Each structure stands twice: as C-alpha cells, then as structure tokens.
Number of protein chains: 2
Amino acid sequence: MAFEYLSNVALDEAVSGFLAALDERGFAPRKEYVPVGEALGRVTAEPLYAAISAPHYHACAMDGIAVAAKATFGATATTPVTVQPEDYIVVDTGDPLPESCDAVVMIEDVVFEEGHGIDELGTCPVILHASIAPWGNVRQIGEDICAGEMLLTSNVRIEPAAMGAMLAAGVQQVGVIARPRVGIIPTGDEVVEPSANPKPGDVMEFNSTIFSGMVRQWGADPVAYPIVADKPDLVQKALVKAVSECDIVLLNAGSSAGRDDYSSRVVAAVGEVLYHGIAMKPGKPAILGCAANTAIVGVPGYPVSGIIVIEQMVKPLIEKLLGCSTPGGDRVKATLARPCTSSLKYEEFVRVRVGKVGDKLVATPLSRGAGVVTSFVKADGIMTIPQNSEGYEAGDQVDVRLLRPLADIERSLVVIGSHDPLIDEIAQLIHKSNPELSVASTHVGSMGGIVAAKRGENHCGGIHLLDEATGTYNEPYLEKHFPKGGVRQVECVYRQQGLMVAPGNPLGIQSLADLTREGRRFVNRQKGSGTRILSDFVCKRDGIDTGAIYGYDHEEFTHTAVAALVEAGSADAGMGIYSAAKMYGLGFVPVCEEQYDLLIPDYAWDTPMVQALLEVLASDAFRARMEELGGYRLDHPGRVRRHFE
Amino acid sequence: MAFEYLSNVALDEAVSGFLAALDERGFAPRKEYVPVGEALGRVTAEPLYAAISAPHYHACAMDGIAVAAKATFGATATTPVTVQPEDYIVVDTGDPLPESCDAVVMIEDVVFEEGHGIDELGTCPVILHASIAPWGNVRQIGEDICAGEMLLTSNVRIEPAAMGAMLAAGVQQVGVIARPRVGIIPTGDEVVEPSANPKPGDVMEFNSTIFSGMVRQWGADPVAYPIVADKPDLVQKALVKAVSECDIVLLNAGSSAGRDDYSSRVVAAVGEVLYHGIAMKPGKPAILGCAANTAIVGVPGYPVSGIIVIEQMVKPLIEKLLGCSTPGGDRVKATLARPCTSSLKYEEFVRVRVGKVGDKLVATPLSRGAGVVTSFVKADGIMTIPQNSEGYEAGDQVDVRLLRPLADIERSLVVIGSHDPLIDEIAQLIHKSNPELSVASTHVGSMGGIVAAKRGENHCGGIHLLDEATGTYNEPYLEKHFPKGGVRQVECVYRQQGLMVAPGNPLGIQSLADLTREGRRFVNRQKGSGTRILSDFVCKRDGIDTGAIYGYDHEEFTHTAVAALVEAGSADAGMGIYSAAKMYGLGFVPVCEEQYDLLIPDYAWDTPMVQALLEVLASDAFRARMEELGGYRLDHPGRVRRHFE
C-alpha cells in the first residue's frame with residue numbers, strides 16, 4: 001500500500017493544459033471518405049464545394065408548353081395570342097427546356113380553340129391570355145446550387161438536407177472526420193460482467209456500458225476491452241494494446257490513492273502522467289496522461305465520478321478531434337430548492353431535478369453519493385458550484401447545465417412529498433396517455449411536500465400526516481400551514497401501514513414494543529416523513545422509549561429501501577406500507593389504515609400536468625394497478641376533499 | 001391526362017383524422033427485446049422495474065477497517081479507543097461488509113501504536129480518535145436501487161445512465177418498441193440514381209437519402225426501395241411489397257394532379273385514400289392513405305415539399321408508434337426581417353435564417369422555391385404562416401420552429417449584405433478556429449446590408465457602393481444613411497469587376513455597349529446590389545440605353561449564379577467579379593477595381609462573432625485563400641476606415 005500525492009489543479013486549468021499538451025504530441029483528427037448516403041451525423045473534415053450546379057440544366061418547372069417568351073409578348077385577356085403547334089413543345093415538370101425556348105406556360109393557362117381539346121395538345125394551336133416573362137416557370141441552371149459554391153464549411157455535422165444538397169451538387173463521397181476511437185478498459189479483481197444473480201462482493205461492470213453510450217452520443221466509436229485483474233503488468237499490457245488502437249483510452253478504476261491503485265504508475269510506464277488529482281468533486285482522483293499521440297484518462301471507479309470525469313475531460317477531447325461542439329447541454333439559471341454546501345477546495349457538480357413551477361425553474365439537488373447511478377437517471381441537469389464557494393442557500397439562483405431539453409422539463413409534473421410506489425405508477429399512466437408530459441418525483445416526506453408547496457416549488461405532493469389531537473389526516477396540517485389558503489387537498493388512496501418483518505415473522509414481532517428487546521434491530525424513516533410521524537406517535541401512545549429501539553435513528557427515505565433492508569436481514573423490522581412488504585415477499589404486521597392525499601397548490605391546478613394527473617387518478621387503469629400492488633383501498637381518487645381558499 | 005379534384009383539408013384536421021383512422025385499423029407499435037448494451041436511444045415498450053437491489057449486498061464504501069460501530073462508541077481525540085486485531089477486518093472499497101460488522105473506518109483515520117505500521121494492519125491493534133455511526137462508510141443494500149422500484153416508465157428514450165442502472169438492477173434484456181420501418185419508393189421515368197455527370201433531363205434521386213436521414217433521426221429504420229418507372233402496375237406492385245414489409249410507406253412523387261400523377265389511384269387500388277390535397281404550402285398534393293394497418297403517405301416530388309410533408313405528416317406517425325416526442329424543434333418568437341405574404345387558402349411553411357442580433361431573434365425568409373434544397377441546408381428554422389392569414393410585415397413577431405439549437409444560433413455571425421464567395425471562406429476560417437461560432441449569410445446586395453444594419457438585424461454586411469459624384473466607395477452612403485453614426489466602415493478587399501464571357505470571349509465582347517447588338521443576351525444582378533449599381537453607372541456614363549440590352553432585367557442574386565448562366569450559354573455576358581469567372585473557367589473583361597468593405601454596426605462590435613471576424617480578416621490564412629481565389633488585392637483587411645460615431 002502506498003499513498004501517492006494527488007495534486008489539486010483547477011479543472012479549467014487541467015483541461016486546457018491537457019489539450020495543449022496533447023496538441024504538441026500530435027493528437028489530431030483523422031480524415032476518411034464515406035459515401036454521402038452514409039454520412040448522416042458525421043462531421044465534415046474540409047469545406048465542401050459543389051461539383052456541378054443544381055439544377056444542372058434548365059428545367060421546366062411546370063407541366064405545360066415551352067415557348068420563346070417573345071412569342072407571348074402582348075397577350076392579355078382581351079388581346080389573346082395564338083401559338084402555332086410548331087412554336088411550342090409540350091413539356092412535363094423536370095423536362096429539359098427545349099432549344100429555342102426560354103419560358104414555360106403552365107397547362108392550366110393554356111386555352112384551346114373551339115373544337116380542339118387537351119388530347120390534341122402538341123398538334124393544335126393554343127391560345128394564351130397572358131404573356132410570360134423570359135425564364136418564367138423555368139428552374140434555371142444553378143437556381144439551387146452554383147458549381148463551385150461552398151455547401152458546408154468543415155467541422156459541421158451533416159444533416160439530411162445537406163446530404164441531398166451534396167448529391168444534387170454531384171458530390172458522391174464526402175471527407176469526414178473519422179469517429180474518434182475511445183477505448184475503455186475496466187479493471188479490478190472484484191469486477192465481473194453484469195448478471196441477474198451477482199454474488200456478494202461482485203461489482204458488476206456496467207461503467208463500460210454507460211461510458212460507451214456517452215461517447216457514442218457525442219460522435220465517437222467506443223471500444224470496450226475485457227475486464228483486467230488488479231495486476232500492474234496485466235493492466236499495462238492492456239493499456240499498451242488500447243493505446244495502439246485508439247485515439248483516447250479510458251482506464252477505469254484504480255485512479256484513487258489507496259490499495260491496488262497503481263493506475264498512475266502504469267500510465268507513467270506506458271507514457272506520461274500530465275495531471276493526477278483535479279480540484280473537482282466528484283472525480284478528484286482522475287488522471288490525465290498520454291502515450292505518443294493517444295490521450296489517456298484515468299477514470300475513478302464509482303459510476304457517478306466516472307460520468308462527471310468523462311463529461312468534463314473526455315468530451316472536450318472528442319470535441320477537439322471533431323472540431324465542433326457536441327449536442328445538448330443548454331445552460332439555464334434555476335432557483336435552488338434546498339441548501340447545498342460545498343467545499344472551498346473543489347469545483348463541485350451536483351445532479352439536480354429541474355422543474356418549471358409557475359414562472360420559475362426550480363432545481364432540487366439529488367443524492368450526491370458517488371455510487372448512486374440512478375441519480376443520473378433522475379437528473380434533469382448538473383448544477384455547478386465553483387471552487388472557492390461554500391455552496392448555496394435555498395432560493396439562490398444557480399447555474400444548471402440541462403441534460404434534457406428545456407421544452408420537456410417545462411412539461412414535467414413536479415411531485416415533491418411523501419414516497420409511495422404509486423407515484424411511479426401514476427407517472428407511467430400520465431406519460432402513456434400524454435407522451436408530451438412526464439413526471440419528476442422527489443421523496444422528501446409529507447412535511448417536505450408542504451414546505452415545497454409553500455415555496456411554490458412543486459405541482460403536487462403526497463401527504464399522510466396524522467394529527468394526534470383529532471385523529472384525522474392532513475387537514476389540520478394544511479389549515480395550519482396555509483392560513484391564507486391557496487391549496488387543494490385531493491383524495492388519493494387509503495393504504496395499510498404496518499411493520500415489515502422477515503417472511504413468516506420468525507421473531508414473532510407484534511408491535512414496536514417488541515423491538516426494544518436486546519438484539520432486535522429496527523430501520524426507520526427520515527424525520528418529517530408521515531411514516532416517521534406514525535412511528536413516533538405509536539411509541540408515544542404506547543409509552544415506548546424510542547432510545548431503547550436499536551436502529552431507531554437508522555433512517556431511510558422510501559418504503560422500498562426499508563423493505564430491502566429487512567429482506568436482506570440488516571434489520572428485523574421497519575414501518576412501511578403493505579405494497580412494499582408484498583413486493584419483497586415480507587411478513588407484515590398491520591398497524592393502521594391511513595389516508596394518503598395529494599396536496600395541489602392553486603398555482604398548479606390549471607397546468608396540463610395536474611389536469612392529466614386528475615384524469616389518471618379517476619381512471620380505471622389506476623384502480624386496477626393499485627389492486628395489483630395490494631394494500632390500497634380506493635374510494636374517489638381525484639376528488640377535492642377541501643379547497644383551502 | 002386527367003385532372004383530379006384535390007381537397008383542401010386543414011393540416012391539423014388531416015393529421016388528426018389520419019391518426020384516428022390508422023388507430024382504428026390497428027396501426028400500432030411492435031415490441032422486441034434487446035440486450036441492454038444495445039438499447040441506447042431506443043424507446044421503452046413497458047415500464048421497467050428493478051430485478052435486484054443495487055448494491056445487492058452491504059458494500060464497504062472506503063478502503064479501511066470494518067468494525068462493529070458499538071466498539072468505537074466514545075472514541076474522541078482525547079479519549080481514543082483501541083481496537084484489537086480480532087475485532088476488525090481490513091477491507092477495500094467494494095468488499096462485502098463482513099458478518100458482525102456494521103461500519104467501516106477509513107484508512108486515513110486509523111492510527112497505529114508506537115512501533116507498529118501499516119504493513120502490520122490486520123495483525124496489530126489500531127487506535128481510533130473518533131467514533132463511527134452504525135452504517136457509516138457502508139453502501140447499504142438498495143442505497144441506489146431497491147428491487148421492485150420502477151426505473152423507467154414506458155415510452156422514454158434510453159440514455160447511457162439508464163443502461164447502467166438497468167444492469168445494476170439485474171436487468172439484462174429490455175423491452176423496447178421496434179424501430180418503425182419506413183419504406184420509401186421513388187417513382188418517375190426521369191428519375192435516376194445520383195451521379196457526378198447527369199444528363200440534361202435526368203432528375204437525380206436524392207429525396208430517398210434526405211427522407212431516410214430524417215426518419216432515422218426520429219428513431220425509425222428507413223427502407224429505400226429501387227426507383228420505379230411511371231407505370232401504374234409497376235408502382236402498384238412496389239407499393240404492395242412495401243406495405244407488407246413496413247409500418248409506413250412513402251410513395252414519392254406523382255402525387256400532384258398532372259400528367260403521370262396516378263399515385264392516388266394506385267393507393268386506392270392497394271388500400272384506401274383518406275385525404276388527397278391538404279391546405280398547406282408547400283405540400284398541397286400530399287396523399288394520406290393506408291392499406292391494412294400500414295400507413296401510406298404520397299409525398300410530392302420536389303424535395304422541399306417532400307421535407308415539409310414528412311415533417312408534418314410522417315413525424316406524427318413515428319411519434320405515435322414510439323409513444324414519445326422526437327428530439328428537436330424548439331419554438332421561438334422572432335422578428336421578421338422582410339415582409340412575407342401568403343395565401344389565405346393555405347397554412348404556409350417558410351424556411352428562415354435566424355440570428356440573434358442584440359437582444360432580438362431576427363428571422364430572414366429564404367427562397368420559397370420548392371426545388372431549392374439548399375434552403376434547408378441554410379435554414380435555421382421554419383416559420384409558420386397560419387391558414388387565413390395574408391402573411392406578415394417586416395418587423396412582425398412570428399412563430400419559428402428551430403432546426404438548430406438556440407445556443408448555436410446565438411453564436412452565429414449574421415452577415416447580410418453584398419455577395420462575394422469570400423464570405424463563405426470567412427465562414428470556414430471563423431468556424432475552424434472557433435468551433436463554437438458559425439456564420440449565417442444572406443445575400444441581399446449592398447443596400448440590403450445598409451437597411452439591415454439600420455434595423456439592427458445584422459452583425460455585418462459586405463458593401464461596395466460607388467458614389468458617382470465623388471468616385472469613392474461606401475463612405476458617402478454610410479454618411480447619408482447613418483446621420484447619427486453607430487457604424488464602422490471596415491476595410492476588407494479590393495476586387496476586380498468585369499464582364500464574364502464565354503471562355504476565349506468568342507463574341508469579342510469588350511464593353512456593355514457591345515451587348516446592345518441584336519442576339520446578344522445579358523444577365524444582370526438584382527437592384528440594390530453594388531454590382532447592379534456599377535452596371536447602371538457604366539451604362540449612364542457611356543450613354544448606353546439599358547432597354548436595348550436583352551436580359552438587362554434578368555436578375556440573379558450572386559456572382560456565381562451569373563457565372564453559371566454564362567457558362568451554360570444562357571447568357572453571353574454578365575457583370576461580376578474575377579474570382580467567379582475563374583471558378584467557372586470563363587473569359588473576363590475587366591471593368592474596374594472596386595473597394596469591398598464591411599459595415600459593422602456598433603451594437604455588434606463587441607460580440608465574439610465580430611471579434612473573431614476581425615481576427616480572421618487580419619490572418620495570413622485569409623490572405624492566402626484570397627490569393628488562391630484570384631482577382632483580389634489585400635491591403636489592411638480588418639482596419640477601421642472610419643468610425644461613424
């Protein structure tokens with residue numbers, strides 16, 4: 001084991017220094033020629049000039065008769081001109097303009113003398129009631145494209161219409177930049193190919209799949225190499241091979257400064273280490289190096305760190321080779337929903353959900369865990385916290401780079417409140433029947449939902465807040481928190497809450513009191529969640545000392561997370577809903593049926609998203625799906641219980 | 001020949017009626033399963049649930065030692081706790097948390113007793129100066145994904161991170177919507193495969209290439225069928241085959257009501273014609289039909305009409321099958337730069353250049369010719385003029401659907417003014433050295449450039465306006481048109497103007513006077529162009545009656561268009577610059593050397609685009625390229641001749 005010194009170079013400095021160093025070492029695009037029909041989305045390697053004009057001949061632009069324009073001069077409605085059959089030629093659209101003609105009269109403007117008809121066109125005289133200007137209804141040579149004109153500059157992506165223009169301009173092969181080859185080498189003794197039944201300790205190798213997809217979206221060709229065990233000589237061998245075959249090589253994992261982390265030494269042995277340790281989070285242990293004219297990037301093992309490193313350091317390399325920017329990545333200002341602290345030492349990248357609520361874009365930070373790949377699935381954008389900033393307060397305006405088109409974000413139902421798997425089912429039903437709408441949900445508990453609505457940051461939120469004084473749900477809370485009104489309490493479902501326990505309940509747990517016994521382990525929900533309030537209430541009611549329950553401060557954010565821990569045997573019980581217990585095949589000790597409502601602020605009521613939500617709540621499809629999940633009772637979902645005006 | 005009655009159904013009505021009719025006939029997506037690694041960009045066919053949790057075991061999140069958290073309770077800087085070797089286990093990141101442990105102390109926090117070192121870790125006691133909470137530095141089961149959770153709804157595009165999440169969740173195959181198969185049948189006797197040397201009358205078949213690219217970008221698989229001659233039985237046979245193989249069939253050309261236009265009859269023979277004739281321009285003769293559950297669209301032959309029909313009518317079909325919207329197509333409001341009239345009868349789609357000048361988006365209509373495919377290469381967006389509108393005035397706010405990302409448009413140098421091929425060369429040099437910048441040029445003549453600058457609609461424009469009174473260029477015009485200043489006159493080049501004539505000048509043309517002779521044909525530039533002003537000036541000076549020059553009112557918009565017509569023998573002479581004559585190998589009779597300047601309004605001066613332009617003007621690369629083109633003299637390009645303040 002050896003600790004290496006990692007530097008802390010600013011990200012911008014590292015990237016520009018990296019690019020400059022690569023430039024000196026001959027890191028450059030390769031050119032290749034491809035048939036125009038295969039050039040979609042490729043990037044031009046050189047300016048492209050038209051070889052021929054288009055049209056390449058004077059083409060008749062109408063079905064009709066070709067004439068010498070002079071022959072029609074003077075024709076008016078009152079002084080028609082007759083054209084003899086030898087002075088016109090019948091033409092179709094696209095026909096070459098006949099010699100001696102310089103205009104086409106469209107067939108609709110041709111009149112026949114009494115006794116003649118269209119079947120005789122070409123053999124009988126015709127009458128014109130208007131003159132035609134020279135070159136009228138003729139597509140002249142070069143009308144569209146003049147030979148020698150530049151059709152496209154270099155370093156632009158080829159779109160469908162440009163492919164048509166090239167073919168029209170006599171160009172058959174186009175010089176494009178060869179797709180950068182990006183090699184990806186996964187390393188690690190514990191790393192295995194993905195499977196449906198991994199063993200404990202198996203780390204499934206899905207980073208290559210993510211990284212391949214990313215570089216492919218930017219116009220590069222990924223080359224996925226096999227997993228290499230944690231042996232420096234094997235890693236070195238793999239790196240030498242990849243360097244000889246690729247423009248850019250990503251050496252995944254082993255870039256930190258711990259045990260088995262010898263990547264930088266391997267890179268140094270094969271080529272040079274230019275930077276090791278960047279002032280960014282996640283991604284600090286990244287390595288930037290090269291061998292000959294191939295770039296090497298040491299990518300940290302955690303998927304989130306890896307994704308950020310590849311966005312920040314590999315994307316610029318691909319853009320450098322292509323000489324153009326890659327698609328996506330609009331930058332917007334958004335209002336931060338929750339405070340987000342950061343270290344002065346790093347530039348930090350935080351995944352955020354972004355929603356348009358009222359007139360403002362609201363960014364809600366997602367999990368910052370480096371292993372949480374789903375945070376990228378849920379993320380709508382990346383918020384940047386600059387180096388030398390301690391972070392932001394709730395309400396601050398922050399910079400966000402979007403991962404989805406703004407137009408999609410603007411049509412997203414922002415759900416912030418209590419967790420229930422039914423929110424995902426609602427998302428499915430809304431999107432299925434309204435493809436233009438989507439749902440972005442964040443689970444922060446019932447109280448979090450109320451706070452979000454007060455701040456104008458959600459369209460709806462699930463709440464199931466038991467009022468100890470009255471024994472009723474939600475209404476007293478809404479009364480208290482919305483004294484001036486502005487919110488509707490909408491019926492959703494009744495659901496079974498209880499203790500989730502191992503299948504068959506081998507420990508015979510019947511109540512929270514049973515969990516105070518030595519050796520019993522509980523898993524709880526976070527403060528502010530309705531389920532936590534329920535647990536607290538039951539303990540208080542039954543005179544249970546929560547300090548005597550081991551794990552009472554072990555907090556999870558969703559019913560499914562609690563169920564997963566009980567199933568894994570990490571806890572003996574946790575409070576949660578029946579559907580989660582059923583999903584995991586767990587035992588279930590009912591505690592109560594509770595009322596799960598949706599709060600919908602008035603400002604959101606008329607949005608298409610909320611209207612679609614109300615339709616789904618009232619639908620048979622929703623009812624059927626809730627029955628499948630189990631543990632729910634539906635009365636009149638979608639009904640307004642009370643409008644706090 | 002037969003004229004069919006075409007209806008004039010409103011576009012919206014036709015599309016929704018078409019979709020409804022197809023729905024009834026079983027037009028629906030097909031589902032298929034693909035390995036996750038091949039699912040990039042595919043669309044989910046069903047909601048996707050996690051099969052296993054991720055992590056699927058309690059994983060150590062740090063290199064260090066695993067302990068029972070209880071064993072560390074009470075440890076502080078002043079009251080350290082010693083942990084014996086039998087009470088801890090050395091672990092690496094990713095290792096399964098050992099039985100009986102519930103926390104990991106990171107290696108950096110482990111202290112050794114005097115005389116022991118890291119090499120003895122695992123066999124010697126260690127000292128901790130802080131306690132660790134249960135589950136500290138442990139990635140618990142389900143931290144990222146809980147088994148049973150919905151990862152994605154149906155009908156969403158699969159992004160790289162989602163592929164990683166699927167693999168992490170034990171999902172190996174994913175149910176996706178089969179890419180809609182879109183068959184494309186080109187028809188027409190005159191239609192030939194594209195070549196570099198087409199014969200007059202050959203219409204090169206590049207529509208299939210454009211249409212294929214378009215549907216591919218939307219997520220469909222194009223199937224290009226061979227060209228079919230204009231014989232109803234052959235077309236019918238091809239259509240029957242395509243219908244049996246595809247979800248959607250595009251029958252290209254032959255959809256108008258002229259000679260050889262029997263498409264609707266063929267569609268009726270194979271299936272049904274639902275609509276023929278839509279109130280849109282271009283694209284009126286489109287046919288919407290079906291056979292069994294396959295959609296058939298009769299697409300007009302002109303590429304521009306075809307593109308519009310496919311965007312308006314085929315894209316909704318693909319979106320219907322995929323159940324989600326296709327990328328792109330932001331809608332913006334823009335200020336119209338030029339008036340644009342339209343018929344009350346149609347909804348009209350006009351291609352526009354869009355530029356951000358100052359704070360406003362400016363839309364400049366491009367050629368509305370149905371055959372002008374380059375108008376789609378140049379277009380940044382499509383302006384819609386509703387049915388029952390007579391069009392718009394200059395300065396009106398209009399609706400534009402963008403074809404490029406807004407961010408790209410905002411970084412585009414808007415050049416509106418006199419044409420010279422050097423503008424394209426400047427575009428190449430600017431983009432090459434500044435990949436984030438591009439150039440959008442529109443050729444409207446020198447006076448058009450002045451008008452655009454007065455209205456705040458361009459960043460720069462080429463001008464070469466000869467003042468008859470003083471014999472100087474540009475300055476008198478700028479003085480007159482910018483009495484309050486606000487513009488800079490920037491030196492660009494001096495260039496040779498003259499008469500372009502056939503190679504070797506077989507007619508011995510020496511001056512404009514020679515063109516008044518019987519049988520000589522001139523081709524002119526449009527009014528307001530500097531070159532037209534030059535021709536007018538020369539005629540006036542030399543006492544030439546312009547009415548005596550045949551073709552003096554035959555106007556083209558660029559030097560290259562004039563050269564192309566002279567080369568084709570459609571005109572015997574045209575006024576233009578030497579470089580255009582050289583490009584076409586034409587003879588050239590010099591008339592004068594003129595001063596071609598750039599006018600740059602003050603509001604544009606500090607933009608990165610104009611600054612990049614000035615750098616390019618002063619560069620050796622620009623000088624070298626101008627020498628290659630020929631006919632230019634460079635003194636100090638980029639120098640400000642005069643700042644009108």
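**Exercise 1.** Through which surface do the copies meet, judging by the interface residues of chain A and chain B?

*Solution.* Keep in mind that this is a predicted model. Start by counting who touches whom: 106 residues of chain A are in contact with 106 residues of chain B. Next, check the overlap between the two sets. Of the interface residues of chain A, 99% are also interface residues in chain B, so the copies meet through the same surface.

**Exercise 2.** Work out what kind of axis relates chain A to chain B.

*Solution.* Try laying chain A on chain B: a rotation of 180° does the job, with 0.0 Å of shift along its axis and an RMSD of 0.2 Å. That is how a two-fold axis relates two copies.

**Exercise 3.** Describe the area and the contacts between chain A and chain B.

*Solution.* Area comes up first. About 8400 Å² is buried between the two chains, and carbon and sulfur atoms give 60% of that. Now look for salt bridges across the interface: the rule finds 0. Polar contacts are another story, with 38 residue pairs found across the interface, both partners at pLDDT 80 or more.

**Exercise 4.** Find out which elements and residues make up the side of chain A that touches chain B.

*Solution.* Go through the elements giving two or more residues to this side; among them are β11 (150-152), α3 (207-217), α9 (421-433) and α13 (559-567) of chain A. The largest share, 8 residues, comes from α2(A), which spans 160-168. Finally, sort the residues of this side by type: 55 are nonpolar, 29 polar and 22 charged.

Notes: Residues are numbered from 1 along each chain as its sequence is written. Chains are lettered from A and ligands numbered from 1 in the order in which they are written. This is a predicted model: local features need pLDDT of at least 70, side-chain atom pairs count only at pLDDT 80 or more; totals for chains, interfaces and linings use all residues. Side-chain values use heavy atoms; hydrogens and water are left out. Contact means heavy atoms within 4.5 Å. Buried area is the accessible area (1.4 Å probe) that two parts lose on being put together, summed over both. A salt bridge is a side-chain nitrogen of Lys or Arg within 4 Å of a carboxyl oxygen of Asp or Glu. A polar contact is a pair of N or O atoms within 3.5 Å; within protein, one must be able to donate a hydrogen and the other to accept it, and residues adjacent in sequence count only if both atoms are side-chain atoms. Helices (H or I, at least four residues) and strands (E, at least two) are DSSP runs, numbered from the N terminus. Ala, Val, Leu, Ile, Met, Phe, Trp, Tyr, Cys and Pro count as nonpolar, Asp, Glu, Lys and Arg as charged, and the others, Gly among them, as polar. Copies are superposed by least squares on the C-alpha atoms of residues with pLDDT of at least 70 in both.
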